[in-house]
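Good morning, colleagues. I would like to discuss one helix packing and a few charged pairs; please look at the model first.

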Amino acid sequence: MIAVVLSGHGAFASGLEAAIVQVIGEQPQFKAIDFPVDMTTPQLEEAMRNAISELDSGEGIVFLTDLLGGTPFRTASLLSQERQDIEVVTGTNMQMAAEMLLERDELTLTLFRQQAVECGHRGITSLFDEMNNNAEPKQAVEEDGI
């Protein structure tokens with residue numbers, strides 16, 4: 001099974017983890033690593049390395065991070081350069097994280113990365129767009145035979 005490490009600024013990771021557990025239950029080979037204001041980058045790196053050691057089953061690791069260019073993303077990216085079996089996906093949202101945790105058994109690392117990005121995009125919408133996408137096509141009412 002692909003291992004998943006979720007990381008982000010403040011309590012992003014632990015908050016999202018709590019929501020995931022509420023919706024889909026506890027997940028194996030999954031760890032949340034927060035990056036609070038008082039944590040240093042070397043401490044974050046150490047926590048990520050520990051997560052890799054703890055979760056690695058030989059089927060690969062995916063880091064899901066909150067913000068492109070942020071410290072969790074950059075730190076995970078540097079770690080991914082050390083191994084061929086680490087992917088990094090950023091811009092994580094609840095839909096992406098929950099769906100990918102449920103679907104990871106059947107995926108390669110490459111497919112996981114690709115599907116995570118697609119899933120994240122699907123999860124971004126608005127009520128207006130959803131209402132208009134799901135509306136029945138309106139049929140014109142004929143008046144006076146026109």
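In helix α1, Leu 16, Ala 19, Ile 20, Val 23 and Ile 24 meet Met 94, Ala 97, Ala 98, Leu 101 and Leu 102 of helix α4, contact being heavy atoms within 4.5 Å. The residues of this contact comprise 10 nonpolar, no polar and no charged.

A word on the basis: this is a predicted model, in which local features need pLDDT of at least 70 and side-chain atom pairs count only at pLDDT 80 or more, while totals for chains, interfaces and linings use all residues. Residues are numbered from 1 along each chain as its sequence is written, and side-chain values use heavy atoms, leaving out hydrogens and water.

Helix α1 (residues 12–24) and helix α4 (residues 94–103) pack at about 55°, their axes 10 Å apart. That makes α1 oblique to α4, that is, outside the ranges under 35, over 145 and 65 to 115 degrees.

I turn to the salt bridges, defined as a side-chain nitrogen of Lys or Arg within 4 Å of a carboxyl oxygen of Asp or Glu. By this rule there are seven. Lys 31 and Glu 54 form one of them, at 3.7 Å, N to O. Lys 31 lies in strand β2 and Glu 54 in helix α2, so the pair ties together parts 23 residues apart in sequence.

Which residues are linked with Arg 49 in a network of salt bridges? They are Glu 45 and Glu 82. The side chains of Glu 45 and Arg 49 meet at 3.0 Å, N to O, and those of Glu 82 and Arg 49 at 2.7 Å, N to O.

How values were computed:
Axes are lines fitted to C-alpha atoms, for helices over the stretch in contact, and angles run from 0 to 180 degrees between N-to-C directions. Helices (H or I, at least four residues) and strands (E, at least two) are DSSP runs, numbered from the N terminus. Ala, Val, Leu, Ile, Met, Phe, Trp, Tyr, Cys and Pro count as nonpolar, Asp, Glu, Lys and Arg as charged, and the others, Gly among them, as polar.
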